[in-house]
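Me: Could you take a close look at the salt bridges in this structure with me? I am new to this, so please go pair by pair.

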Amino acid sequence: MNARGPDFDLEVARFLVSPEGVAAGVELAGREPERALLEDLRRRFDAPRASALLDRERGRRSLEGKDPDARTLHAGYLAAQQSSGAVAAAHRARRFAEAGVSRLTEIGCGVGLDTRALARRLRVLAVDLDPGRLVLARANLAALGPEIADAALFARVDAASTALRPDVFYADPDRRADGRRSPDPERASPPLSFLLEDLAGRAPARGFAIKLSPLTPLESLRGRGELEFVSVGRELRELVLWGGELARVERRVSIPGEGGEFVGEPGGRAPDGPLGAFLLDPDPALGRSGLLERFVLACGARLLVPGGSYATADEPVGTPLFRAEAIRGVFPAKPAAVRKELRARGLGRVRISRRDFAVDPVAYERQLRLDGRGGIARLHLTRTVEGPRVLLTEPAPGDNANPPEPPGSSEVSR
């Protein structure tokens with residue numbers, strides 16, 4: 001039972017980690033465009049090696065911004081795409097360690113991107129069926145030095161083998177097992193049912209953590225353990241199912257590195273009401289978890305509309321789970337009215353976000369017909385109890401999560 005898509009060719013994997021393959025990777029850094037790069041590689045290497053070098057380069061570029069070691073990692077594009085990054089991986093490893101876990105089995109370790117974080121804190125038996133991936137995984141661990149590399153033992157083992165009886169295990173099933181990304185955990189490799197009903201029941205396992213697609217239907221996971229929603233840089237990076245002794249609550253929102261955490265059960269009813277002095281923009285993990293209304297209640301805030309996505313308060317709320325922005329203007333939604341107000345304030349560029357408002361932000365920006373001169377306006381297209389409105393905001397004092405925009409920047413988000 002494989003994880004991480006098609007097998008790596010063993011000889012090609014050995015080439016990638018060889019001095020020649022490493023040197024070729026250094027040469028590729030920053031070179032564009034991709035097609036010309038591939039043509040150049042095929043003049044120097046045979047087709048399998050050229051394709052592997054290009055795939056590793058695409059993987060490294062995908063990891064930039066997620067992992068400080070991106071330029072030295074041996075990871076193809078698909079493995080990099082599935083990776084949540086170094087911050088989320090370190091958070092997960094810390095949770096294992098703080099729960100008293102000293103050793104675990106990693107199912108389908110792939111090229112060892114998660115193994116690197118685990119081995120910094122635990123003893124890890126990392127298993128995979130593909131020998132090529134294991135070659136790359138060993139190289140990725142070796143780069144961290146002998147103390148960390150020696151904490152991981154790699155083995156070619158099929159997860160379906162009944163000889164595998166982990167006390168604690170971690171799994172990140174391949175969500176592209178049939179060539180297309182799917183949020184259905186039963187279409188992954190290994191499927192969730194196998195991990196929960198077969199693997200977890202062999203010992204039986206004392207505890208486990210299974211990384212799932214953040215888009216996994218949550219109803220299908222009800223009653224199976226703790227659901228943790230992990231956000232990094234206001235991007236929902238992980239949905240992790242914790243089970244056995246490691247499941248502590250029903251749902252948890254975590255923002256590692258910023259100290260943000262909220263636990264509870266979905267539900268609750270937050271009040272709604274008029275705009276206050278501050279707009280509270282929740283982290284995406286808070287909304288996805290179903291805990292937004294409970295958190296709004298806990299903060300003493302209110303929603304802009306019943307069941308809405310934005311909240312408001314009369315005072316800034318100091319938490320990484322909300323980005324607090326001071327409201328500097330409230331306008332009707334008509335583009336002409338907004339354009340007039342922005343020009344009067346010397347604002348000629350925009351960053352637009354939309355919540356609970358059926359309009360395309362890109363099309364709306366075009367309708368504003370701004371000249372690009374002057375300052376940047378931060379606009380929120382949303383509904384309020386008074387109807388559709390456009391809110392002009394600026395970062396609340398002391399809100400480091402929402403730094404000023406550099407000159408010339410532009411952003412349109414949904």
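Reply: Let's start with R345 and E341, whose side chains meet in a salt bridge, with N and O 4.0 Å apart. How exposed are these two partners? R345 has a relative accessible area of 40%, so this arginine counts as partly exposed. E341 is partly exposed too, because its relative accessibility is 32% and the partly exposed class runs between 20% and 50%. Please keep in mind that this is a predicted model.

It helps to recall a general idea here: side chains of opposite charge can pair when their charged atoms come close.

Now look at E64 and R71, which also form a salt bridge, this one with an N to O distance of 3.3 Å. E64 is partly exposed at 43% relative accessibility, and R71 is partly exposed as well, at 27%.

Next, find R95 and E226. Their salt bridge brings the closest N and O atoms to 2.8 Å from each other. R95 sits in helix α6, which covers residues 86-98, while E226 belongs to strand β6, residues 226-232, so this pair ties together parts that lie 131 residues apart in sequence. Are these two residues buried or exposed? Both R95 and E226 are buried.

Salt bridges can also join up into a group. Here, a network of them links R234, D281, R323, E325, R355 and R378. To place these examples in the whole picture, the structure holds 37 salt bridges, including the pair R345 and E341 where we began.

Methods: Residues are numbered from 1 along each chain as its sequence is written. This is a predicted model: local features need pLDDT of at least 70, side-chain atom pairs count only at pLDDT 80 or more; totals for chains, interfaces and linings use all residues. Side-chain values use heavy atoms; hydrogens and water are left out. Buried means under 20% relative accessible area, exposed over 50%, partly exposed in between (1.4 Å probe, protein chains only). Helices (H or I, at least four residues) and strands (E, at least two) are DSSP runs, numbered from the N terminus.
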